[in-house]
Amino acid sequence: MNGRKFLTRVRLKPLLVLGVALPLAAGQLAGCARNPATGGSVFTGGLSQAEEIQMGRENHPKILQEFNGAYAYRDLDRYVDGIGQRLARISERNDLKFTFTVLNSDIVNAFATPGGYIYVSRGLLALADNEAQLAGVLAHEIGHITALHHAQRQGDALLANIGVLAAGVLGGRAAAQAGQLGAVSLLQSFSRENEYEADLLGVRYLARTGYDPGAMAAFLAKLRAESRLTMIRRGESPDKVDEFNYLATHPAPAARVDRAAGLAREAAVATPKTGREEYLSRIDGMLYGDDPSQGFLLGRDFVHPALRFGFEVPRGFSLFNTSDAVLAIGPDKARIVFDRADKPFTGSMEAYLRSAWAPGRRLGAVETIRVNGMEAATATTTAQTPDGTFDARLVAYRFDAENVYRFVFLTPRAMTAALALDLRRTTYSFRRLSVAEAARLKPLVLRIVTVRPGDTVESLSQRMAFDDYRLERFEVLNGLSRNDRLTPGQTVKIVAAN
């Protein structure tokens, strides 16, 4: 909360806008380039390499701001850069200066921007099992750059703008809508094509540098498993992971995993490098989950040492920390949403409920209460959600002169009575943290442990510092199944309190 945890589409410097696209079209349509990786022709809209580099350079500080900066830990950034540079040197654009950055984000993410700028999150580093898997991610991103996918995107956007504008001029509103649908369909098909081409090139670069070509498919399988678990924790259908989601940074449906495995079988490497022990030694002790500046999760507690508050959610609820709010997902799609009001409020908390937070809404059971020395107020109402009508309880707290914090408890009507006591406990768990208590709070870290005789997947999973899905989290983190037999001396990852 109050941290930039999700990329909100960093805006790249526009080359063309709709209003000038058509007059420029005649000159720009000649802007094709040779794909250095495949030899094919790519329509780039005339984007030059110098412009590409400028775009990446200008947006680099914006990306760092969106992702809470670069992550500096025991020369991990140099280690990642070294792997990336070895891969870049054998790519078809080895004349381009590549820049590799580890982002201080727990979201499993990697992406490239024009001009050779490649980013991986520490969340992705935690999920990877070895150096070859990390190399596969970097090689995939290098593939996007070598195949001119960013330049192609600029060209596609130009064509889409021209098509939509022409449809609007020639056929009115209905034709313009049809033009938009056609452009969207074209761009989506290219998105799938670009991802597959980057996989192909990534496997090529892994083989050229002696890494295990199968590492890409192995990591995509882990990414798919991680996405499925996240969906389960959010109360969503995990089967949606096999839909090719164009809004996802790296969709990993089963078909894509299988295709990457097939590519690896065709790329023979005599003695493939995996680099597991070296890799695990590099990430041992790395921050896991939220950065303390954003608040972080400790079991069923959310604590924010910087803002000095905390609260606890009931058992059976999974916590998620986002840039705007803290969410907890419970049984039968029950929800808890915690956030901070946009601006201070000088009146009573009851007045805040009625006039500032829910003006015009019918509120019931309005009551002023005291919670751990703070003035608070609560009321009930109903809320329309995509899952139907839910009962809603609102709670607002005056934390200090500047800040009002809030809970919304959403419960299916059949569950409201059963969850009432647990949610009341959460209401009264909201508290200020003393300076000393805040200083003692430590975030979670990744630890590499050695398997001992008698250890099993299930027994080691109990050392995970979570209250929910311990076994499933351990399996995903390590790419294991609960039925796998562990060997004494083997190393595995766990998440532990610092």
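1. Start at Gly-235, which comes after helix 7 and has a positive phi, near 80 degrees. Keep in mind that this is a predicted model, so that angle is a computed one, like everything else below.

2. Helix 7 itself covers residues 215–233. With 19 residues at 1.5 Å a residue, the helix should span 27 Å, and its end C-alpha atoms are indeed 27 Å apart, so the expected and modelled lengths agree.

3. Which residues of helix 7 are buried? The run at the start is Ala-215, Met-216 and Ala-217, followed by Phe-219, Leu-220, Lys-222 and Leu-223. Further along come Leu-229, Thr-230, Met-231 and Arg-233. Note that Lys-222 and Arg-233 are on that buried list too. If you want to look at the spacing, remember that an α-helix has 3.6 residues a turn, so residues three or four places apart point the same way.

4. On to charges: the model has 27 salt bridges. One of them pairs Arg-86 with Glu-131, with 3.5 Å between the closest N and O atoms. This contact ties together distant parts of the chain, since Arg-86 belongs to helix 3 (residues 76–89) and Glu-131 to helix 5 (residues 131–146), 45 residues apart.

5. Are the two partners buried or exposed? Arg-86 has a relative accessible area of 33%, so it is partly exposed. Glu-131 sits at 3%, and therefore counts as buried, the cut-off being under 20%.

6. Arg-276 and Glu-277 also meet through their side chains, in a salt bridge with an N to O distance of 4.0 Å. For a salt bridge the nitrogen has to be within 4 Å of the carboxyl oxygen, so have a look at this pair if you care about the cut-off. Arg-276 is partly exposed at 26% relative accessible area, and Glu-277 is partly exposed as well, at 48%.

7. Asp-387 and Lys-333 form another salt bridge, their closest N and O atoms being 3.1 Å apart. Here the link runs between two loops: Asp-387 lies between strand 14 (374–385) and strand 15 (388–398), while Lys-333 lies between strand 11 (326–329) and strand 12 (335–340). The two residues are 54 residues apart, and the pair connects distant parts of the chain. Asp-387 counts as partly exposed at 42% relative accessibility, and Lys-333 as partly exposed at 36%.

8. Last one: which residues are joined into one network by salt bridges that share partners? They are Arg-300, Glu-312, Asp-467 and Arg-470.

Technical notes. Residues are numbered from 1 along each chain as its sequence is written. This is a predicted model: local features need pLDDT of at least 70, side-chain atom pairs count only at pLDDT 80 or more; totals for chains, interfaces and linings use all residues. Side-chain values use heavy atoms; hydrogens and water are left out. Helices (H or I, at least four residues) and strands (E, at least two) are DSSP runs, numbered from the N terminus. The expected span of a helix is 1.5 Å times one less than its number of residues. Buried means under 20% relative accessible area, exposed over 50%, partly exposed in between (1.4 Å probe, protein chains only).
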